[in-house]
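Reader: I have a model open in front of me. How do I read one residue, and then the empty space inside?

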Amino acid sequence: MRPETLAIHAGRQIDPTTGAVTVPIHLSTTFARQEDGGYPGGTSYSRYANPNRTSLEEALAALEGGARGFCFSSGMAAAQAVFQALKPGDRVVLPNEYYFVVRSLAAMFTEWGIEVEEVDQSDLSAVKNALEKPTTVLWLETPSNPQLKISDLSALAALAKDAGAWTVCDNTWATPMLQNPIEHGIDVVLHATTKYIGGHSDVLGGALVVREEGSLSEKLSAVQIYGGAVPSPFECWLALRGLSSLQARMRVHCENARIVANWLQGRPEVERVCYPGLADHPGTDIAHRQMRDMGGMVSFWVRGTEEDARKVANRCKLIIEATSLGGTHSLIEHRKSVEGPTSNTPAQLLRLSVGLEHPLDILEDLHQALAGTN
Ligand SMILES: *Cc1c(COP(=O)(O)O)cnc(C)c1O
């Protein structure tokens with residue numbers, strides 16, 4: 001089946017007892033055991049497995065083309081599971097721009113004996129140099145948060161393979177509809193299902209999908225079921241429901257973001273637009289090669305000072321000034337002040353999660369917010 005169909009059908013079946021077409025929510029934490037000791041539904045206790053979690057894990061694994069999925073209570077719990085699968089002395093090479101809380105997580109794990117290094121992943125020779133020291137994990141995020149930097153998945157997967165390192169790609173911004181890292185040789189795909197997969201800003205969740213079963217997936221499974229940072233059945237149900245409409249929503253997110261990015265580029269109040277679909281974006285060729293479309297995120301630098309940028313975000317009326325992304329509402333934020341004092345993000349950058357509103361309403365709001373700068 002094709003991705004559009006998998007998003008709707010994978011991991012689901014018509015409920016055999018009631019004929020329900022959407023999967024029922026199974027709140028039971030425990031499941032009755034048969035005389036022979038087995039469990040008829042394959043589920044014994046909800047930390048180990050729950051029918052709703054299993055549905056979501058199967059659907060995500062099918063969509064990413066992986067052997068198995070593991071769901072967690074947040075995107076960060078999924079990210080932490082990767083670090084918890086490592087041991088003291090292991091080394092992780094990270095990008096020089098990525099979700100800022102993963103940077104904080106990596107710093108936290110240095111206290112547990114994990115070595116970390118950041119490198120510009122658009123520079124393949126720099127990555128190659130970084131991989132000369134024995135490395136356990138090469139961590140990727142493309143497009144990156146918040147400046148939508150693009151890195152070459154196949155080239156980086158090949159470098160990591162030569163160096164004997166696992167590759168993990170945070171695919172939250174692209175979603176499985178636009179990019180499938182496993183197809184390009186990546187070992188583990190990470191999603192914050194909180195964002196586009198849930199899609200309505202009403203559920204927190206995370207997932208890992210592994211290319212194949214093996215020592216790494218065994219460790220991730222142990223972290224999931226012994227650590228227990230698992231999502232509730234209702235959260236899994238919401239994320240799975242979101243997945244059903246992901247392809248339709250992504251089409252509109254992509255279309256609206258393209259309109260917004262092109263419009264912003266022509267505005268005198270805007271110094272720079274970060275969006276991989278623009279011809280002058282340094283990663284545009286790679287993006288077109290490895291992504292089916294360019295996604296719903298656009299960042300831009302307001303001409304002027306940090307104060308000018310913050311005022312533009314404040315003046316937005318329809319577009320809500322709030323963090324997070326991937327929901328139906330358009331959201332804007334001054335990213336540096338969200339990331340805090342250690343942020344490397346340019347002070348005049350605003351990050352825009354382009355929602356599903358009519359694009360002209362989004363442009364009119366941006367127009368009035370930018371026009372106030374002068
Ligand atoms: C939001 C986000 C995360 C973390 O997800 P949570 O559900 O907030 O823990 C990780 N990576 C990226 C790229 C994100 O945007």
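Author: Start with one residue, and keep in mind that this is a predicted model. Thr136 has a relative accessible area of 16%, which is under 20%, so Thr136 counts as buried.

Reader: Where does Thr136 sit along the chain?

Author: Look between two elements. Thr136 is in the loop that runs from α5 (124-130) to β4 (137-141).

Reader: Which residues does Thr136 touch, leaving out those up to four places away in sequence?

Author: Find Leu86, Asp90, Arg91, Ala165 and Trp166. Asp90 deserves a second look: its side chain makes a polar contact of 3.5 Å with the side chain of Thr136.

Reader: Now the empty space. How do I find it?

Author: Rolling a probe the size of a water molecule over the atoms shows where space is left empty. Here the count is 2 cavities of 30 Å³ or more.

Reader: What volume does the largest cavity have, and what lines it?

Author: The largest cavity holds about 80 Å³. Its lining includes Pro95, Asp120, Glu141 and Lys149. By class, that lining has 2 nonpolar, 5 polar and 4 charged residues.

Reader: And the second largest cavity: which classes of residue line it?

Author: Its lining has 7 nonpolar, 3 polar and 1 charged residues. Leu56, Phe72, Leu204 and Cys236 are among them. The volume of the second largest cavity is about 40 Å³.

Reader: Which element gives the largest share of that lining?

Author: That is α9, with 3 residues. Both β1 (68-72) and α9 (233-244) supply at least two residues each.

Notes. Residues numbered from 1 in each chain as written. Predicted model: local features only at pLDDT ≥ 70, side-chain atom pairs only at ≥ 80, totals over all residues. Heavy atoms only, no water. Helix = DSSP H or I, 4+ residues; strand = E, 2+ residues; numbered from the N terminus. Buried < 20%, exposed > 50% of the residue type's maximum accessible area, 1.4 Å probe, protein only. Polar contact = N/O pair within 3.5 Å; in protein donor to acceptor, adjacent residues only side chain to side chain. Contact = heavy atoms within 4.5 Å. 1 Å grid on protein atoms, 1.4 Å probe; cavity = no way out; pocket = protein on both sides within 12 Å on 5 of 7 lines; lining within 4 Å. Points joined across faces, edges and corners; volume = space filled by probe spheres on them. Nonpolar A, V, L, I, M, F, W, Y, C, P; charged D, E, K, R; others polar.
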